[in-house]
Amino acid sequence: MNWFSKLLPASIRTETTTKKSIPEGLWTSCTACKEVLYRAELERNLDVCPKCGHHMRIRARKRLENFFDPESSTEIGANVLPEDFLKFRDQKRYRDRLNQAQKNTGETDALIVMKGEVHTLPLVACAFEFEFIGGTMGSVVGERFFQAANTALEDKIPLVCFSASGGARMQEALVSLMQMAKTSAVLARLHEERIPYISVMTDPTMGGVSASLAMLGDINIAEPGALIGFAGPRVIEQTVGQTLPEGFQRSEFLLEHGAVDMIVDRREMRDRIARLLAMLTHQPMQSAHPSI
Amino acid sequence: MALNFLDFEQPIADLEAKIEELRYLGDDAEIDINEEIARLKARSEELTKSIFSNLNAVQIAKLARHPKRPYTLDYVERIFTDFEELHGDRQFADDAAIVCGLARLDGEPIAIIGHQKGRNTKENIHRNFGMPRPEGYRKARRIMKMAEKFNLPLLTFIDTPGAYPGIGAEERGQSEAIAKNLFVMSRLKTPIISTVIGEGGSGGALAIGVPDKLLMLQYSTYSVISPEGCASILWKSQEKAEQAAEAMGITSDRLKDLGLVDEVINEPLGGAHRDYAKMAAVLKEALKASLAEFSSIARDELLARRYQRIIGAGHFITS
């Protein structure tokens with residue numbers, strides 16, 4: 001109750017809900033440093049903690065919206081939809097998992113592809129939706145990635161992929177494994193045609209996704225602090241029977257071991273990728289302070 | 001030869017033990033027991049036939065991992081001549097979990113890449129239980145490129161629990177090593193025939209198996225994750241491995257139905273380990289026939305077909 005309502009006699013005081021009108025989730029906290037953050041500010045920072053620089057996971061659609069120039073992009077492959085062709089059932093049916101994931105995320109599968117412009121440079125970009133069954137790669141992800149790369153091939157424009165995935169989608173069994181070959185094969189075609197491909201690995205990029213499309217960039221970029229690797233840390237710990245070194249399989253570890261070209265802050269990603277692609281495609285210099 | 005009977009083969013084992021016993025007796029017994037032995041032998045065969053005609057996925061997985069199962073080098077010895085093993089990735093080490101080399105198949109030179117497991121503890125430590133590290137995949141890639149350069153058909157043999165999940169393997173880029181092999185094989189300008197001879201363990205298997213034609217021995221398996229791994233993730237319990245194996249469909253017949261495997265090669269009664277010579281002879285014929293399919297195809301056409309084969313994998317709805 002605020003001071004003003006306290007002044008009012010009880011008889012004319014009415015309970016209103018406006019007291020609670022602070023929108024849900026106006027405040028949030030950093031998952032790393034626990035600092036309380038104003039959500040709007042966090043969003044302005046593309047879900048990077050303004051205090052400690054921790055890169056939180058970001059939704060695929062939001063990532064792409066922020067990546068492309070405003071209103072320049074159109075979606076590709078949205079008509080490719082998942083199918084429970086094995087009638088796979090573990091503790092839940094795959095069909096139910098798909099429905100649940102679609103309801104929770106508003107997406108139809110774990111990869112979103114868009115064609116558009118970044119600093120006026122035309123390109124195709126795709127992003128994994130980690131909230132959709134752990135960003136796992138099944139037939140739809142494989143096909144959409146294939147269509148993304150094919151569009152890049154046909155239009156002779158670069159391809160960018162932001163990966164965030166636990167690996168292959170077990171519910172599609174061996175068919176999911178074959179998506180590793182499918183995505184790698186189309187990247188080999190891109191390579192032959194000298195179309196640039198930039199792979200951005202975000203937290204986490206593991207298993208079959210890491211061991212195919214994510215590691216095949218002409219330039220491999222990692223976001224700070226992302227978990228990137230083939231085998232999961234728990235599996236490795238169990239296999240080798242020793243505690244893993246500090247920072248094992250994190251972006252900085254990968255940079256040190258020569259697996260990625262650079263670590264780029266998400267807030268600079270757009271500018272840095274545009275700059276790299278402009279050089280690879282012999283485009284004029286990007287302006288120093290790009291406004292769009 | 002001692003056969004290391006699996007649990008589901010116990011009735012066969014009992015019968016075989018009885019036959020052995022009789023044989024031992026037969027040495028000093030006056031009566032002729034040959035007839036009895038022959039009768040029991042026939043029964044053992046009947047029993048084996050009936051048990052093997054009805055195997056579930058987990059039983060087949062046990063056969064695929066059978067400690068007596070023929071490995072890559074067992075086939076190399078029996079199928080090819082002039083085998084020369086080639087070692088090392090030229091960068092870091094020689095990984096004994098993958099063997100590579102040149103050999104002749106009925107006189108024709110070919111290149112070979114295969115996973116290799118060990119027979120005993122000492123060998124298995126050397127071979128790392130058939131789980132390659134990045135240097136193994138990079139050695140394989142070197143041989144792939146060599147096969148292309150010298151116009152040699154490439155034969156690969158898949159038999160691994162998976163790529164090794166170790167600290168050093170991650171440090172040296174296990175993911176990149178596998179990814180690059182998929183990339184290279186998809187455009188390699190020479191025919192590739194891959195055969196799953198035992199365990200096809202996920203990315204570690206695929207990394208030497210993006211072929212023009214994929215063969216699979218009857219009792220081998222190929223899966224995106226081991227049944228145990230799948231069970232522990234999706235069922236939160238390793239004990240559900242049987243259900244996981246059935247759900248994923250890891251056996252040759254299921255994968256043939258899904259169109260992921262081109263041809264299933266039948267094994268001798270009781271599995272490949274019961275008769276190395278026969279298995280090798282059957283596999284040799286299948287490899288020759290497969291190579292013949294691709295030998296006269298122009299390289300561009302070969303690559304185009306392989307590409308279609310690779311990108312055709314997937315089940316989805318288009319709205």
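## Close-ups of a predicted two-chain model

**View 1. Where chain B meets chain A.** In this interface, 45 residues of chain B are in contact with 56 residues of chain A. Everything here comes from a predicted model, so read the views with that in mind. Together the two chains bury about 4,500 Å², and 74% of that area sits on carbon and sulfur atoms. Three residues to pick out on the chain B side are B:Ile167, B:Phe183 and B:Leu234: they supply 14% of the area that chain B buries against chain A, more than any other three residues.

**View 2. Polar links across the interface.** How many salt bridges does the rule find between chain B and chain A? Just one salt bridge turns up across this interface. The partners are A:Glu192 and B:Arg187, whose closest N and O atoms are 2.9 Å apart. Polar contacts across the interface come to 13 residue pairs, counting pairs with both residues at pLDDT 80 or more.

The chain B side is put together from several elements. Those giving two or more residues to it include helix 7 (167-171), helix 8 (174-186), helix 9 and strand 7 (221-223). Further along chain B, helix 10 (227-235), helix 11 (241-248), helix 14 (299-311) and strand 9 (316-318) are also among them. Which element gives the most? That would be helix 8 of chain B, with nine residues. Sorted by type, the residues on the chain B side that touches chain A are 28 nonpolar, eleven polar and six charged.

**View 3. Two positive phi values in chain B.** First up is B:Asn128, which has a positive phi of about 55 degrees even though it is not a glycine. Look for B:Asn128 in the loop between helix 5 (121-127) and helix 6 (134-149) of chain B. Is B:Asn128 buried or exposed? With a relative accessible area of 9%, B:Asn128 falls under the 20% cut-off, so it counts as buried. Next is B:Ser202, another residue other than glycine with a positive phi, near 55 degrees. B:Ser202 is found in helix 9 (residues 202-206) of chain B, and helix 9 is one of the elements that give two or more residues to the side touching chain A.

**View 4. A cis peptide bond in chain A.** Zoom in on the step from A:Asp203 to A:Pro204 and you'll find a cis peptide bond, with omega near -10 degrees. The proline of this pair, A:Pro204, belongs to strand 8 of chain A, which covers residues 197-206.

**View 5. A:Pro233 and its neighbours.** This proline is in helix 8 of chain A, residues 233-240. A:Pro233 has a relative accessible area of 29%, which lies between the 20% and 50% cut-offs and therefore makes it partly exposed. What does A:Pro233 touch, leaving aside residues up to four places away in sequence? Its contacts are A:Met206, A:Leu227, A:Leu244 and A:Gln249. For a sense of scale, A:Asp218 is 15 residues from A:Pro233 in sequence, and their C-alpha atoms are 27 Å apart in space.

**View 6. Chain A as the backdrop.** Stepping back, chain A has ten helices and eleven strands. Of its 292 residues, 52% count as buried. Take the contacts in chain A between residues at least 6 apart in sequence: 67% of them join residues at least 24 apart. The accessible surface of chain A comes to about 13,700 Å², with 50% belonging to carbon and sulfur atoms.

How values were computed
Residues are numbered from 1 along each chain as its sequence is written. Chains are lettered from A and ligands numbered from 1 in the order in which they are written. This is a predicted model: local features need pLDDT of at least 70, side-chain atom pairs count only at pLDDT 80 or more; totals for chains, interfaces and linings use all residues. Side-chain values use heavy atoms; hydrogens and water are left out. Helices (H or I, at least four residues) and strands (E, at least two) are DSSP runs, numbered from the N terminus. Buried means under 20% relative accessible area, exposed over 50%, partly exposed in between (1.4 Å probe, protein chains only). Contact means heavy atoms within 4.5 Å. Accessible areas come from the Shrake-Rupley method with a 1.4 Å probe; for residues, only the protein chains shown count as cover. Buried area is the accessible area (1.4 Å probe) that two parts lose on being put together, summed over both. A salt bridge is a side-chain nitrogen of Lys or Arg within 4 Å of a carboxyl oxygen of Asp or Glu. A polar contact is a pair of N or O atoms within 3.5 Å; within protein, one must be able to donate a hydrogen and the other to accept it, and residues adjacent in sequence count only if both atoms are side-chain atoms. Ala, Val, Leu, Ile, Met, Phe, Trp, Tyr, Cys and Pro count as nonpolar, Asp, Glu, Lys and Arg as charged, and the others, Gly among them, as polar.
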